[in-house]
Amino acid sequence: MRTALVCLLLLLPAVASAGPATKTLAGVKTFYGGVKQYAAEFEQEVVNKTFGTSSTSKGTVKLAPKQRMRWDYRAKRTGKVNKEIVSNGKAIVIVEHDNKQIIAKRIKDSMLPVATSFLHGKGALDKTFDADLDASGTYGGKGDTVVVLTPKKAHASVKTLYLV
């Protein structure tokens, strides 16, 4: 199953204005490299082209040094946390409250380090993803810079990543 992951992180600094996608990615890395810890709201859309469906999730992300992070997804109806993704930099634990399920795995066995390392000012997105600026207006607001990332090597869980 091929999915497209759209992570609208409304955290991009003003430094990431117009210019080539690689320059924008360099600005993102520089900005996040200087931030020690932060929290932000996020919106994520997962598209399943096979079944012609999509789902949107919203929540809060918190990041700290040594690639520690926590993603709290909130239920649309109640606003309560119904899914948590927590990482200590070496392992990731996913807690799905509705399904009463916990999934744990080593980070090195997933694409997570590549897809989120930039949030800690590390990694090189341009070595793992092809980057282009997206001017379609589908994501973000007026005046936002949108970078579309496509894995250089096919990956089962990430087809496209959009940074706003």
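Over how many bridges do strand β9 and β10 pair, and in which sense? In this predicted model, strand β9, which spans residues 147-151, pairs with β10 in the antiparallel sense, and the pairing runs over three bridges. One residue pair can be named within this arrangement, since L149 has L161 of β10 as its bridge partner. Both strands belong to an open sheet of three strands, in which the order is β8-β9-β10 and the pairing is antiparallel. The edges of this sheet are taken by β8 (129-133) and β10 (161-163), and because each of these has a single partner strand, one side of each is left without a neighbour in the sheet. On average, and with direction ignored, neighbouring strands of the sheet are turned by 25° against each other.

The sheet is one part of a protein whose secondary structure comes to three helices and ten strands. Read along the sequence, these elements follow the pattern β-α-β-β-β-β-β-β-α-α-β-β-β. Of the 164 residues in the protein, 39% are buried. When contacts between residues at least 6 apart in sequence are considered, 42% of them join residues that are at least 24 apart.

The largest nonpolar core is made up of twelve residues, namely Y38, A40, F42, V61, L63, M69, W71, Y73, I85, I92, I94 and I107. Four strands, β2, β3 (53-64), β4 and β6, each supply at least two residues of this core. Another core lies apart from it and consists of ten residues, among them A21, L25, A131 and L149. L149 is thus named both as a member of this other core and as the bridge partner of L161.

Among the members of the largest core, M69 is placed in strand β4, which covers residues 68-74. Its relative accessibility is 6%, and because buried means under 20%, M69 counts as buried. The C-alpha atom of M69 is separated by 5.3 Å from that of S87, although the two residues are 18 residues apart along the chain.

Aromatic residues of the core were examined next. A search of the whole structure finds three aromatic pairs. One of them is formed by F42 and W71, whose rings are arranged edge-to-face, with 5.0 Å from centre to centre and 70° between the planes. F42 lies in strand β2 (residues 38-48) whereas W71 lies in strand β4, so this pair ties together parts that are 29 residues apart in sequence. Both partners are buried, F42 with a relative accessible area of 3% and W71 with a relative accessible area of 7%. F42 also forms an aromatic pair with Y73, again edge-to-face, for which the centre-to-centre distance is 5.0 Å and the angle between the planes is 80°. Here too a residue of strand β2 meets one of strand β4, so the pair of F42 and Y73 ties together parts that are 31 residues apart in sequence. Y73 is likewise buried, its relative accessible area being 6%. F42, W71 and Y73 together form one aromatic cluster, and these three residues are also listed in the largest nonpolar core. In addition, the ring of Y73 has the charged end of K83 sitting over it, at 5.1 Å from the ring centre.

Two further residues are described by their accessibility and their place in the chain. T53 is placed in strand β3 and is partly exposed, with a relative accessible area of 42%. When neighbours within four places in sequence are left aside, T53 is in contact with V46, V47 and N48. K100, in turn, lies in the loop between β6 (91-96) and β7 (101-106). The relative accessible area of K100 is 80%, and because this value is over 50%, the residue is exposed. The phi angle of K100 is near 50°, which is a positive value in a residue other than glycine.

Terms used. Residues numbered from 1 in each chain as written. Predicted model: local features only at pLDDT ≥ 70, side-chain atom pairs only at ≥ 80, totals over all residues. Heavy atoms only, no water. Buried < 20%, exposed > 50% of the residue type's maximum accessible area, 1.4 Å probe, protein only. Phe/Tyr/Trp six-rings, centres within 6.5 Å; stacked < 30°, edge-to-face > 60°. Lys NZ or Arg CZ within 6 Å of the ring centre and 35° of its normal. Pairing = 2+ DSSP bridges. Axes fitted to C-alpha atoms, helices over the stretch in contact; angles between N-to-C directions. Core = buried A, V, L, I, M, F, W, Y, C linked by side-chain atoms within 4.5 Å. Contact = heavy atoms within 4.5 Å.
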